[in-house]
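User: I am new to this structure and should be grateful for a close look at a single part of it. Please take the charged side chains as the subject and set them in the context of the chain.

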Amino acid sequence: MLRRKPTRLELKLDDIEEFESIRKDLESCKKQREDVDVVGASDGEGAIGLTNDHKSREQMINDRIGYKPQPKPNNRSSQFGSFEF
């Protein structure tokens, strides 16, 4: 097995600036979400929003995996089949 020299990684000024800009963007998004959560909770709409998000999240997952739930019929013939005498 050949042994090679360790690869040297150099941190450039552009990389640092890009990291700082991304970090600031993420922090601003996080603050906006916290502000929305606080405002939603004070208005009493927070609980309603969670149920809607849950349904849409469930629907997104079902769409992603290709699951299409079909309602079950509630009549006697569907449970036991159709018996004709």
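Analyst: The following account begins with the chain as a whole and then turns to its charged side chains.

The model is a predicted one. The protein chain has three helices and zero strands, and from the N terminus on its elements run α-α-α. Of its 85 residues, 2% count as buried. The accessible surface of the protein chain amounts to about 9400 Å², and carbon and sulfur atoms account for 55% of that surface.

The charged side chains considered here include several in helix α1, which spans residues 13-43. Two salt bridges are counted in the model, and R23 takes part in both of the pairings described next.

In one pairing, the side chains of R23 and E20 meet in a salt bridge, with a distance of 3.1 Å from N to O. Both residues belong to helix α1, where they are three residues apart, or about one turn of the helix. In the other pairing, R23 forms a salt bridge with E27, and here the closest N and O atoms are 3.9 Å apart. That distance still qualifies because the cut-off for a salt bridge is 4 Å. R23 and E27 are four residues apart in helix α1, so about one helical turn separates them. Taken together, E20, R23 and E27 are linked in a network of salt bridges.

How exposed are the members of this network? R23 has a relative accessibility of 38% and therefore counts as partly exposed. E20 is partly exposed as well, with a relative accessible area of 28%. E27, with a relative accessible area of 42%, is also partly exposed. These assignments follow because partly exposed covers the range between the buried limit, under 20%, and the exposed limit, over 50%.

A further group of charges gathers on the surface. D14, D15, E17 and E18 form a patch of negative charge there. One of them, D15, has its place in helix α1. D15 has a relative accessible area of 33%, so D15 is partly exposed. This value is compatible with membership of the patch, because patches are made of residues with over 30% relative accessible area and no salt bridge.

For contrast, a residue from another helix may be considered. N62 lies in helix α2, which covers residues 46-65. At 12% relative accessibility, N62 counts as buried, because buried means under 20% relative accessible area. Apart from its neighbours within four places in sequence, N62 is in contact with Y67 and P69.

In summary, helix α1 holds the pairings of R23 with E20 and of R23 with E27, while D14, D15, E17 and E18 gather in a negative patch on the surface.

Technical notes:
Residues numbered from 1 in each chain as written. Predicted model: local features only at pLDDT ≥ 70, side-chain atom pairs only at ≥ 80, totals over all residues. Heavy atoms only, no water. Patch = residues over 30% accessible without salt bridge, like charges linked within 9 Å, V, L, I, M, F, W, Y side chains within 5 Å. Areas by Shrake-Rupley, 256 points an atom, 1.4 Å probe, with all protein chains shown as cover. Lys, Arg positive; Asp, Glu negative; His and termini not counted. Charge placed at Lys NZ, Arg CZ, Asp CG, Glu CD. Helix = DSSP H or I, 4+ residues; strand = E, 2+ residues; numbered from the N terminus. Buried < 20%, exposed > 50% of the residue type's maximum accessible area, 1.4 Å probe, protein only. Contact = heavy atoms within 4.5 Å.
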